[in-house]
Amino acid sequence: MTDTRFDPSKADGRWQSAWDKAGTFAADSNSPKPKSYILEMFPYPSGRIHMGHVRNYTMGDVLARYKKMRGHEVLHPMGWDAFGMPAENAAMEKKVHPGQWTRSNIEAMKAQLKRMGFALDWTREFATCDPEYYGHEQALFLDMYEAGMVERRSSEVNWDPVDMTVLANEQVIDGKGWRSGAEVEKRKLDQWFLKITDFADELLDGLDELKDWPDKVKLMQENWIGKSQGLQLRFDCGYGTEIEVYTTRPDTIFGASFVAVAPDHPVAEMVAQKNTEAADFIKQCKLGGTTAAALETAEKLGFDTGLRTENPLDVNTELPVYIANFVLMDYGTGAVMGVPGHDQRDFEFATKYGLPIKRVVASSADDATKPFDGEAESGDGILVNSGFLNNLSVEGAKAEVIKRAEMRGWGEGTTVWRLRDWGISRQRYWGTPIPIIHSPDHGPVPVPRDQLPVELPEDIDFDTPGNPLERHPTWKHTVCPISGKPALRETDTLDTFANSSWYFLRFASQPDGAPFDPAEIAKWMPVEHYIGGIEHAILHLLYARFWTRALADLGKFEVKEPFAALFTQGMVTHETYSLGDGSWLSPSEVKKDGADWVTIADGAPVTAGRVTKMSKSKKNVVDPDNIIAQYGADAVRWFMLSDSPPERDLPWSDAGIEGCYRFVQRLWRLFDAIDPAADGAGGAGGEDKALARKAHQAIVAVAEDIEALSFNKAVARIYELTGAAEKAKPGAARNFAIRAILHLIAPMMPHLAEEAYAKLGKSGLIADAAWPDHNPGMLVEDEVTIAVQHKGKLRDTLTVAKGLSKDELEALALASEKVQRSIDGAQVRKVIVVPDRLVNIVT
RNA sequence: GCGGGUGUGGCGGAAUGGUAGACGCCGGGGACUUAAAAUCCCCUGAGUUAUUACUCGUGUGGGUUCGAGUCCCACCACCCGCACCA
């Protein structure tokens, strides 16, 4: 009873080294135990760990430690998603080599992660910028290349005409280059693509197997893949010109009032050759960025080509052919038929250019002439004003039009995917070099396997914009592997999403001469729980699923889906602070003065603003390191798990972390209160039994909560049991409850748990201990509280023995004085009884 | 613009269609102390009221039901993603 305070500054480091020394968290693939692979999305080494990482890795850590207590052999690895643009930006701004910058960031962040006491297997650590890792990635790329999964074709990029460089979407701000401020243009380049569309069907169907993925993520992926059934039809424009159009609404064909093609459609280009106005319009369309959001929010512009076509089902209608900026060459056929009445985009376009808006779907035949209320109607109904389609349902009309088109030969029913092939070329230095040699005689040729990895040159400069690999004096000059004649290396590097598309396989096994070992993959994969941010719901997760399927197709292993269960956690948020001039202040620069906020420096008034995601730009960040130093890792971990459900945002608060620290100390005092002499004492009656029951219930409930990742509920249970144990009299039941609490918190507050475990004289580590057993007979309550309602409103509650019959409950409820007063002599018409729950009396 | 989500006290949140607000934070009152810190106890959705009790209350407006935070319809606000940020 000498240590009245738990001192994390001493205990944290002690147990972190103890785990390291014992190799507690090194995964043994030869263990006979059931395997659990717990993985959190690995971080980009930006320089500092942020609270989002802390939250993410704390959740995974609790699961990993819990599974270990449950007798599983756990793989819980960590590494670094180390390629990417920030390193190049640092190189330009701070004149430091991207590799050196990245390596020192990794070192700093690893030390921070260690201070959190995460149960990680550091023996499997790697960074994607390790030549060994990206060398294997190059080999996998060549495997895909040789299997016909890779293609080279022309595609648009954001081009900065002043800096003469390709820009990422995030570097385009309001259509202008972030550094030069120049108007960005779309420019076509030859680039490499992975043919993910060949897997579209599989990736869509595979979603059904993912029982433990959130429905919202599966729905987002489903919509992204975007399988649609429709009609591909041809419009004859005369002069031997035909426009192939794809539509998902063939039923509305009688409502068509124009045809529009993409600015880079062959027909648009043909028109532009003879018509300078058309050429100018297309040039206009090339301004601005390439993102879908930019294209779709831009004002809808069209150019009348002068070409005219006719509706194949309604030859009396002449349809103008437009070039339109909202039509995408990449989707469908690059041309659409415009039906303004039943498509909002077409409606706006038709309104702007004075084209007819015709109703062809209505809720009933009587509404055939009903005017539109300022917008298109895309809902269901029956066909009107549509000749032989009249009175058919939308679905029936679709089938009828497709049937007729196929019969007459002017179109056919087809499936179209929204998903596009994955452009993986990046005109940048800090990435995986694409292992291809451009031979003057043989075209693109794979780099021979024995020459892998193709390593990045170290001596590069970032003094001028553009790709340093392209400018390097010697690196790209090599010889053709076939002819031996001089040839040039591919200077594009792989999209960094490629690096994160197979890292989980490398964590599971890392043999010397191969990317991974199929036997080890079979032992560990799929990942049992994958945890990360919702922002990765589509791209990263779809690409990782694709690589896994592609590699399985190549016969590398059997697993088709990499992540059995997915969990997407919310962000860590914080209040924002700003001065009158709108400049942001960090939480460490402000303090509370009564009800107001002021600067610490000179007491100037501060406006406390909205609670938003912690971000450097708004300065509303709290550095985990400072918090760990002040409160210890366990208080921080507890905060990350408390209160907010893990899938929702977690608002950081100083009061909250202080509360967590107080709870750490409260537990420490409670653990001190175990009295081994009382273990044999105490009966099974009254309070003792109630506390013992609470403890048994908590053991079951906390386990269920952790398995469901409902950490906030587990935390609330532990608070409840702690409160009950504190109030209880010393005795066997109390000792049992306290020991249970010690084990229940072990995955969440491992340093405190180890310290208390040792102090209780236990040998070994609680990290290696088992989850406590419970007695099923101790779970059942023998009394229940019944709600008694009159006309749906609560009038009284009754505490009764569990399992009373409906009649008994009804009698008891009617006997209640409060209920009688409420009924006030009115006639009872109906009584609803839910056993062990409630009685509702209706008068 | 399109796709997906979220909305409950001062704050974070809990609640198989069945007692709304568990648990935590903040706040108020008290105990201990020379004093403070720490700790412990009590109160704490709003309103009316005798501490009895009643009314209102889960983003807004409708609906289904004996009973709706939960189900249905319409709307509002905010957040995430949109293919070269990771």
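These questions and answers cover a helix pair and the surroundings of RNA strand B in a predicted model.

Visitor: Is α3 roughly parallel or roughly perpendicular to α4?
Guide: Helix α3 spans residues 85–94 and helix α4 spans residues 98–115, with their axes 8 Å apart. The angle between them is about 115°. Angles of 65 to 115 degrees count as roughly perpendicular, so α3 is, relative to α4, roughly perpendicular.

Visitor: How many nonpolar residues are in the contact of α3 with α4?
Guide: From α3 the contact takes Pro-86, Ala-87, Ala-90, Ala-91 and Lys-94, and from α4 it takes Pro-98, Trp-101 and Thr-102. By class, 1 residue is polar and 1 is charged, and the number of nonpolar residues is 6.

Visitor: What share of the atoms of RNA strand B within 4 Å of the protein belongs to sugar or phosphate?
Guide: The atoms in question are those of RNA strand B within 4 Å of the protein. Bases supply the rest, once sugar or phosphate is counted at 66%.

Visitor: Which residue has a side-chain N or O atom 2.9 Å from a base nitrogen of RNA strand B?
Guide: Asn-169 places a polar backbone atom 2.6 Å from a sugar or linking oxygen of the strand. Ser-644 uses a polar side-chain atom, 2.6 Å from a sugar or linking oxygen. The partner of the base nitrogen, at 2.9 Å, is the side chain of Gln-427.

Visitor: How many residues of the surface near RNA strand B are charged?
Guide: There are 69 residues around the strand, and among those that come nearest are Arg-426 and Arg-428. The surface has 27 nonpolar and 17 polar residues, and the charged ones number 25.

Methods. Residues numbered from 1 in each chain as written. Chains lettered and ligands numbered in written order. Predicted model: local features only at pLDDT ≥ 70, side-chain atom pairs only at ≥ 80, totals over all residues. Heavy atoms only, no water. Axes fitted to C-alpha atoms, helices over the stretch in contact; angles between N-to-C directions. Helix = DSSP H or I, 4+ residues; strand = E, 2+ residues; numbered from the N terminus. Parallel < 35°, antiparallel > 145°, perpendicular 65-115°, else oblique. Contact = heavy atoms within 4.5 Å. Nonpolar A, V, L, I, M, F, W, Y, C, P; charged D, E, K, R; others polar. Near = heavy atom within 4 Å. Polar contact = N/O pair within 3.5 Å; in protein donor to acceptor, adjacent residues only side chain to side chain.
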